[in-house]
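The following exercises are to be worked with the sequence and the three-dimensional model at hand. Each task is followed by a solution that proceeds step by step.

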Amino acid sequence: MRPHYAGECDHAVKQWFSATTRLGWRLGVAVAGGVLVWSSFPPIGLWPAAIVGCTLLGWIACRPSTTVHSGLGYGFVFGLAFYLPLLPWTGALVGSTAWLALSILSALFPAVFTAAAVVLRSLPGRPIWWACAWTAMEWLKSAMPFGGFPWGVLAFGQSNSPVAALATWGGTPLVSFAVALAGFTASAALTVHVGRRVQSLLVPTAVTMALVGLAVVTATGWQPWRSAGDRSSVTVAAVQGNVPRLGLDFNAQRRAVLDNHRNQTVRLAEDIQSGRLPQPDLVIWPENSSDIDPFAHPDAAAQIDAAAQAINAPILVGAVTAGGNLDTDTRSTRNSMLVWTPTDGPVARHDKKILQPFGEYLPLRTFFRLFSDYADRAGFFIPGDGPAVVPIADIPVGVATCWEAVFDRAARESVGNGAQLLAIPTNNATFDETMSRQFLAIARIRAIEHRRPVVVAGTTGVSALITADGQILVESSFFTADHLVAGMEVNSDLTPATRWALALQGALAAAAAAALMIAVGRARRTTMRRQGMQRATATVGPSVSTEQLRTKLRS
């Protein structure tokens, strides 16, 4: 081999090794970033980790050698490292295929975000535009496909954080924006040239500090929207009856589930009669606490009647009821929460409006049946309508049944329609405690967002009574029978989040879209100028002055 060929070969090997090393480092950083964001959620709950995770993702997007296409790849790896450990409970009982498919689908959204971040990095104040783009990505993920999957919104990992107080002002969008902005500002500080650092980071840093300050003063009690009137105390009980055993087949034992909740309510009544617990004004049972339709089965209605009379208070009962046109589909059902009084039986109801795809119903049933036998286990539920508020013991109670509580619009609609207390009945019997802990964190954010006390009642737990500032008064253990009772202050004030969080979300998404269009336009103009310079150089020759080249371009 001739010497210059050997030199070229060595150079190529060194380039390949250098490129491979850089790729490995960046993939490792992407994985670390995703894992850190995951660790901000229960069961770990290390909330600052989300900021560090965003910092690492921002560092990757800042690198000059990261292109739009490689940004897609790095963002996808980041997303997998985040969602794979976040969502294993989704496949605990239906197999790993569902878990992997959902994780992969969810990871596509951080991939798109990172590609957009590469385009936006040329703009001044890029951490702000990145944070806007992140919240826009979360909004998009909460809407599509199949109605959206909001699980994994950054805000839901901040229930123990001081930043959670921002939910009162702008809901989950503002909390996610603040977390992302802090992380992306840190990444910019690590990568911006020293001479430009102060100037380029001035606005993002100022906005970050302003949001932190707003969160701190809000958490310490500054609530200017509070009115002096319409405040009262109500004693609430949550009953967790448990199920015979964990698994999808718990519905085959639905009478036992109803009996468990009736029996636990009777035990609660005994504790009240003995003076160990106060008399509740209302009682919340979980979703599916009666999978037997009490309107069609008198024996089920008799069991609920007995429980309501024993406790001498109205009960919000989770039941599966007939729904739709039964002449066209005898399988169609509704997921209902019934207000059942000791004297008049059922007097009001909320039918679940946001149904869980691949659980309560199956989109494209024929198609998905080709991949899994579990497709035939999905329900035939149909959505309800109405204000999502039911009157119980003269208290307007907003109801967000399980999956509904994950969506911003459910609690916002209830409170906007007058709810003074939020009830979140849920059935976690087919999942595990990790899922229940993550769900409880979501419920705490809902309490802070609307400054309403929240009652989480689960068949297997974790059930909890949560104050209007997101503190847990009392909670149950997982997979046990229990009952919880506490006095809770209710109010009718509307927080800024209740009024304007949706508008804020739209404004952040619009800002991200506008910034992206500006960045794309600038990139195209830069490319056109570069191509024009190349053509002009080829025409007038390489040895021309800059002034001659400009004259040629103008002509």
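**Exercise 1.** Classify Glu 475 as buried, partly exposed or exposed, and identify the side chain that meets the side chain of Glu 475 in a salt bridge.

*Solution.* The model is a predicted one, and every value below is computed from it.
Step 1. The relative accessible area of Glu 475 is 32%. Buried means under 20% and exposed means over 50%, so Glu 475 is partly exposed.
Step 2. The salt-bridge partner is Arg 437, with 2.6 Å from N to O.
Step 3. Glu 475 belongs to strand E11, whereas Arg 437 belongs to helix H12 (residues 433-450); the pair therefore ties together parts that are 38 residues apart in sequence.
Step 4. Arg 437 has a relative accessible area of 24%, and this residue is likewise partly exposed.

**Exercise 2.** Determine the bridge partner of Ala 464 in E11, and then describe the sheet to which E11 belongs.

*Solution.*
Step 1. Ala 464 has Glu 475 as its bridge partner in E11.
Step 2. Strand E10 (residues 464-466) pairs with E11 in the antiparallel sense, over 3 bridges.
Step 3. The open sheet holds 6 strands in the order E6-E7-E8-E9-E10-E11, with mixed pairing. Its edges are formed by strand E6 (389-392) and strand E11 (472-475), each of which pairs on one side only.
Step 4. From one strand to the next, the twist averages 20°.
Step 5. Helix H11 (residues 408-416) packs on this sheet and touches E6, strand E7 (395-399) and strand E8 (421-426). The direction of H11 makes about 140° with that of E8.

**Exercise 3.** State which strands stand at the edges of the sheet that contains E1, and which helices lie across its strands.

*Solution.*
Step 1. The order of this open sheet is E5-E4-E3-E2-E1-E12; 6 strands take part, and the pairing is mixed.
Step 2. Strand E5 (345-351) and strand E12 (482-491) each have a single partner strand, so one side of each is left without a neighbour in the sheet.
Step 3. Direction ignored, neighbouring strands are turned by 35° against each other on average.
Step 4. Strand E1 (residues 231-240) and strand E2 (residues 282-284) run parallel and are joined by 3 bridges. Ala 237 stands opposite Val 283 in E2.
Step 5. Helix H8 (residues 254-273) lies across E1, strand E3 (315-322) and E12, at about 130° to E1. Helix H9 (residues 298-311) lies across E2, E3, strand E4 (333-341) and E5, at about 35° to E4.

**Exercise 4.** Count the salt bridges of the model, and decide whether Arg 446 and Glu 449, which form one of them, are buried or exposed.

*Solution.*
Step 1. The count comes to 11 salt bridges.
Step 2. The side chains of Glu 449 and Arg 446 meet at 2.8 Å, N to O. Both residues lie in helix H12, 3 residues apart, which is about one turn of the helix.
Step 3. Glu 449 has a relative accessible area of 1% and is therefore buried. Arg 446 also counts as buried, at 1% relative accessibility.
Step 4. Arg 255, Asp 259 and Asp 299 are joined into one network by salt bridges that share partners.
Step 5. Arg 349 and Asp 351 form a salt bridge whose closest N and O atoms are 3.0 Å apart. Arg 349 is partly exposed at 36% relative accessible area, whereas Asp 351 is buried at 11%.

**Exercise 5.** Place Ser 106 in its helix and list its contacts beyond four places in sequence; then place Ala 514 and relate this residue to Trp 129.

*Solution.*
Step 1. Ser 106 lies in helix H4 (residues 96-120).
Step 2. A relative accessible area of 3% makes Ser 106 buried.
Step 3. With neighbours within four places in sequence left aside, Ser 106 is in contact with Tyr 83, Leu 87, Lys 141 and Phe 149.
Step 4. Ala 514 is located in helix H13 (residues 496-540) and counts as partly exposed, at 32% relative accessibility.
Step 5. In sequence, Ala 514 and Trp 129 are 385 residues apart; in space, their C-alpha atoms are 9.5 Å apart.

Note on methods: Residues are numbered from 1 along each chain as its sequence is written. This is a predicted model: local features need pLDDT of at least 70, side-chain atom pairs count only at pLDDT 80 or more; totals for chains, interfaces and linings use all residues. Side-chain values use heavy atoms; hydrogens and water are left out. Two strands pair if DSSP finds at least two bridges between them. Helices (H or I, at least four residues) and strands (E, at least two) are DSSP runs, numbered from the N terminus. Axes are lines fitted to C-alpha atoms, for helices over the stretch in contact, and angles run from 0 to 180 degrees between N-to-C directions. Contact means heavy atoms within 4.5 Å. Buried means under 20% relative accessible area, exposed over 50%, partly exposed in between (1.4 Å probe, protein chains only). A salt bridge is a side-chain nitrogen of Lys or Arg within 4 Å of a carboxyl oxygen of Asp or Glu.
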